[in-house]
Structures are given as C-alpha cells and as structure tokens.
Amino acid sequence: MCGRFAFFAKGQFGYESLQVPEPSPFERYNIAPSQDILAIRTAPETGRPEWALLRWGLVPFWSKEPGGKRPLINARAEGIEAKPSFRGPIRHRRCIVPASGFYEWRRQGTGKQPYFVRPAAAEVFALAGIWDHWEGKQGEVIESVAIITTSANELMQPIHDRMPVILEEEDVAEWIAPATKLEKALAMLKPCSAARMVAYPVSSLVNNARHDGPECVARVS
C-alpha cells in the first residue's frame, strides 16, 4: 500500500512533456490520508494538463455521503477496471501524484521500522492516481484522489508486498490523456525497476502525521 508520502520539490515538476506551469509552493514531508495533495490531471474544461488540489481518499461520485471508516486512499491495480469505485475513474479521470518519495513500514520483531523510498536519480516520482468529483445535496463539492498500487519489486519485497505504481517518464502524458485506451493505461500499472529507487530507514517521527519537516526523511542507522 501507500499510506504516507512526501513532496518537497522546488521549481518544475520535471516532466516537461506535460507542459504544466510551476506549481504553487508545496513543501510537505509527511502527507497523510484525508489531506489535500497536489496532482496533475487533464482539466475537464480545457482538455489541457493542470495542477489540482485533491483530497487524498477517493469519494466516488455516486456515494450518498463522503468519508467512511476506511477511506479509499489506494486502488489495487489488479482488477481496477471492474471495481465499482474505480472503473469510471480509471477510464476517464486518471491523474499523476508527484512525490519526492513515499514511506513504508517493515515488520521487525514486535514493531515496525519506517523506510523512506526516494528516486535514485530523478527528483520526483510520478505516481499513478485516479480522481473523482462528488457533489452533495447541499451543493458541497469534493474532488478526491486514490493512488494506484501494484506488487512490490525486488527492492520493496523485503519491506512490504505492495508499492505505488511509478510511471515511466515516457508514459506520463499518455496516462492522463483522455484519448488513451483503457488497455494501454492498464499496461502501465506494473512495478517499476528497482534501479530507479533508493530505500533507507528513517525515524519513527513519521508515524505521527503532526510531524512534518526534513527530519522525517533523514536517514537513521
């Protein structure tokens, strides 16, 4: 799964093929579910890529009420096209969640050791996401997002059996393009090469979402 991540890149996102402007300043080291996060999607009005603030935890458009005991922060790639909450978004509302890295917890004895997983060379991961637009009876609007996960690659397997889908640079524009066929989009939902990633242990500060600073991503022995 992917339950925490960070985005603290400065300047351009790094994927020039999307031709998006620089985002508003956004520096977060411990992003947690239910918070608003930056994403890139195709604007419904213009058909062009745009930045959007989306709530992390997908609220399907058909939901009677938002929320629930277990928010849909992740969507499993396997069978995503058939699941009621995800089959519309995977076809029509795909997005990219930029991340400087993500956290995962490895079981050790009676506890869990948090790890930070960051790009080995590039500054930012392009995580595959889906979004939806919900409107309540009183006119309230929630635009929300889920991060798609897949099976772990060789680097991640000792830490956790799942990982977020990290898009290849050549796929990012097609991922959010409305004209991209479902079959082609589904083919992108696979583990990325372990060579693109570096993982190291960090302190338990990240266990509490109130901690949000560079110390969250600092390596510990």
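# Exercises on a predicted model

The backbone oxygen of Ile176 lies 2.6 Å from a polar side-chain atom of Thr42. The model is a predicted one. Start from this pair of atoms.

## Exercise 1. Two threonines

Task: Place Thr42 in the fold, decide whether Thr42 is buried or exposed, and list the contacts of Thr42.

Solution.

Step 1. Find the element. Thr42 sits in strand β3, which covers residues 36–42.

Step 2. Check the surface. The relative accessible area of Thr42 is 13%. Buried means under 20%, so Thr42 is buried.

Step 3. List the contacts. Set aside neighbours within four places in sequence. Thr42 then contacts Gly47, Arg48, Pro49, Ile176, Ala177 and Pro178.

Step 4. Return to the polar pair. Ile176 is in the contact list of Thr42, and the backbone oxygen of Ile176 is 2.6 Å from a polar atom of the Thr42 side chain.

Task: Repeat the placement for Thr46, and find which backbone atom lies 3.2 Å from a polar atom of the Thr46 side chain.

Solution.

Step 1. Thr46 is in the loop between β3 and β4 (49–56).

Step 2. The relative accessible area of Thr46 is 53%. Exposed means over 50%, so Thr46 is exposed.

Step 3. The atom is the backbone nitrogen of Arg48.

Step 4. Add a long-range distance. Thr46 and Asn208 are 162 residues apart in sequence, and their C-alpha atoms are 39 Å apart.

## Exercise 2. The nonpolar cores

Task: State how many residues the largest nonpolar core has, and which residues have the most contacts inside it.

Solution.

Step 1. The largest nonpolar core has 58 residues.

Step 2. Ile148 and Trp175 have the most contacts inside this core.

Step 3. Strand β9, residues 125–135, gives the most to the core: six residues.

Step 4. Look around Trp175. Beyond neighbours within four places in sequence, Trp175 contacts Ile90, Arg94, Cys95, Ile96, Ala128, Gly129, Ile148, Leu167, Ala185, Met188 and Leu189. Ile148, named in step 2, is among these contacts.

Step 5. Note the second core. This separate core has 10 residues, including Trp105, Phe116, Val202 and Val206.

## Exercise 3. The cavity and Cys192

Task: State how many cavities of 30 Å³ or more a search of the whole structure finds, then describe the lining of the largest cavity.

Solution.

Step 1. Count. The search finds one cavity of 30 Å³ or more.

Step 2. Size. The largest cavity has a volume of about 40 Å³.

Step 3. Lining. The residues are Ile166, Leu167, Glu168, Asp171, Met188, Lys190, Pro191 and Cys192.

Step 4. Class. The lining has five nonpolar and three charged residues, and no polar ones.

Step 5. Link to the core. Leu167 and Met188 line the cavity, and both also contact Trp175.

Task: Describe the setting of Cys192, one of the lining residues.

Solution.

Step 1. Cys192 is in the loop between α3 (182–187) and β12 (197–201).

Step 2. The relative accessibility of Cys192 is 3%, so Cys192 counts as buried.

Step 3. Apart from neighbours within four places in sequence, Cys192 contacts Asn153, Met163, Ile166 and Met197.

Step 4. Glu78 is 114 residues from Cys192 along the chain, with 15 Å between the C-alpha atoms.

## Exercise 4. Partly exposed residues

Task: Work out the setting of Arg76 and of Leu155.

Solution.

Step 1. Arg76 is in strand β5, residues 74–76. With a relative accessible area of 45%, Arg76 is partly exposed.

Step 2. Beyond four places in sequence, Arg76 touches Lys83, Thr149 and Arg162. Leu189 is 113 residues away along the chain, with C-alpha atoms 9.5 Å apart.

Step 3. Leu155 is in the loop between β10 (141–151) and β11 (162–164). At 27% relative accessibility, Leu155 is also partly exposed.

Step 4. Leaving aside neighbours within four places, Leu155 contacts Ala194, Met197, Val198 and Ala199. Leu155 and Val117 are 38 residues apart in sequence and 9.6 Å apart, C-alpha to C-alpha.

## Exercise 5. Positive phi

Task: Find where Gln19 and Ser34 lie, and give the phi of each.

Solution.

Step 1. Recall the background. Most residues other than glycine have a negative phi.

Step 2. Gln19 has a positive phi of about 55°. Gln19 lies in the loop between β1 (5–7) and β2 (28–31), and is exposed at 71% relative accessibility.

Step 3. Ser34 has a positive phi near 80°. Ser34 lies in the loop between β2 and β3, and is exposed at 53% relative accessibility.

Methods
Residues are numbered from 1 along each chain as its sequence is written. This is a predicted model: local features need pLDDT of at least 70, side-chain atom pairs count only at pLDDT 80 or more; totals for chains, interfaces and linings use all residues. Side-chain values use heavy atoms; hydrogens and water are left out. Helices (H or I, at least four residues) and strands (E, at least two) are DSSP runs, numbered from the N terminus. Buried means under 20% relative accessible area, exposed over 50%, partly exposed in between (1.4 Å probe, protein chains only). A polar contact is a pair of N or O atoms within 3.5 Å; within protein, one must be able to donate a hydrogen and the other to accept it, and residues adjacent in sequence count only if both atoms are side-chain atoms. Contact means heavy atoms within 4.5 Å. On a 1 Å grid over the protein atoms alone, a cavity is a set of points where a 1.4 Å probe fits but cannot get out, and a pocket is an open set with protein on both sides within 12 Å along at least five of seven lines; lining residues have an atom within 4 Å of a point. Grid points are joined across faces, edges and corners, and a volume is the space filled by probe spheres set on the points. Ala, Val, Leu, Ile, Met, Phe, Trp, Tyr, Cys and Pro count as nonpolar, Asp, Glu, Lys and Arg as charged, and the others, Gly among them, as polar. A nonpolar core is a set of buried Ala, Val, Leu, Ile, Met, Phe, Trp, Tyr and Cys residues joined through side-chain atoms within 4.5 Å.
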